[in-house]
Amino acid sequence: MSPLFDVLLARNIEKVFHAGSQDLAIFFAMMGRPVAPVFDAQIAAALLGYEDQISLERLIQRVTKRSLRKSHAFTDWLRRPLTDKQVEYALEDVRHFAPVHDHLVQELSARGRLKWAREEFSSLEKEARFAPPLPARCSARCAASSG
């Protein structure tokens with residue numbers, strides 16, 4: 001996992017997600033550090049007036065005018081090796097995601113909302129978002145010793 005973690009932590013590589021909160025929490029638990037910088041397509045789409053919590057399938061369809069085949073949406077991704085059909089299914093999202101990202105960045109820039117989006121994304125990069133809260137009975141001395 002080390003090569004993946006190196007990319008996830010590289011500050012010079014933007015990591016693009018769609019509704020990535022759960023993925024980011026998992027990566028934080030595995031690495032002990034938040035992924036950064038992040039671009040979340042669902043958040044970007046919301047700032048542009050697309051439907052709230054738009055699915056990746058719907059977003060790809062709206063931006064690229066292509067319909068995805070969602071035949072393996074409910075599959076056992078833990079079973080290995082993946083079948084050729086599972087791999088093809090996973091690649092289909094990725095193939096269309098780059099143009100969606102580019103479109104969203106252009107649209108955010110054109111509407112003067114890219115800064116808003118970056119502010120929203122930065123909340124996904126904060127360690128406090130993923131670190132467990134201190135117990136209520138923990139004193140200031142306890143908080144100081146844990147940091």
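1. The side chains of Thr75 and Gln86 are joined by a polar contact of 2.9 Å, in what is a predicted model. These two residues stand 11 positions apart in sequence, while their C-alpha atoms are 8.0 Å apart in space. Thr75 belongs to the loop between H4 and H5. Is Thr75 buried or exposed? Neither term applies, because its relative accessibility is 25% and Thr75 therefore counts as partly exposed, the buried class being reserved for values under 20% and the exposed class for values over 50%.

2. Turning to the interior, the largest nonpolar core holds 19 residues, and the members that touch the most other members are Phe39, Tyr50, Leu59, Val100 and Leu104. Four helices each supply at least two residues of this core, namely H3 (41-47), H4 (56-64), H5 (84-110) and H6 (114-123). Which of the elements gives the most to this core? H5 does, with 5 residues. As general background, nonpolar side chains in soluble globular proteins tend to be buried together.

3. Phe39 deserves a paragraph of its own. Leaving aside residues up to four places away in sequence, Phe39 touches Glu14, Lys15, Val16 and Phe17, then Ala44, and further along the chain His101, Leu104, Val105, Leu108, Arg118 and Phe121. One of these contacts, Phe17, is included in a second, separate core of 11 residues, where Phe27, Met31 and Leu124 are also among the members.

4. The largest pocket encloses about 460 Å³ of space. Its lining is made of 14 residues, of which Val16, Phe17, His18, Asp23 and Phe97 are the closest to its centre. Two or more lining residues come from each of helix H1 (2-9), strand E1 (15-17), helix H2 (21-31) and H5. By residue class, the lining divides into 11 nonpolar, 1 polar and 2 charged residues. Phe17 thus appears both in the lining of this pocket and in the second core.

5. How much space lies in the second largest pocket? The volume there is about 160 Å³, and the residues that line this pocket are Leu56, Trp77, Tyr89, Ala90, Asp93, Val94 and Phe97. H5 provides the largest share of that lining, with 5 residues. The lining of the second largest pocket consists of 6 nonpolar residues and 1 charged residue, with no polar ones. Phe97 is listed here and is also one of the residues closest to the centre of the largest pocket.

Technical notes. Residues numbered from 1 in each chain as written. Predicted model: local features only at pLDDT ≥ 70, side-chain atom pairs only at ≥ 80, totals over all residues. Heavy atoms only, no water. Core = buried A, V, L, I, M, F, W, Y, C linked by side-chain atoms within 4.5 Å. Buried < 20%, exposed > 50% of the residue type's maximum accessible area, 1.4 Å probe, protein only. Contact = heavy atoms within 4.5 Å. Polar contact = N/O pair within 3.5 Å; in protein donor to acceptor, adjacent residues only side chain to side chain. 1 Å grid on protein atoms, 1.4 Å probe; cavity = no way out; pocket = protein on both sides within 12 Å on 5 of 7 lines; lining within 4 Å. Points joined across faces, edges and corners; volume = space filled by probe spheres on them. Nonpolar A, V, L, I, M, F, W, Y, C, P; charged D, E, K, R; others polar.
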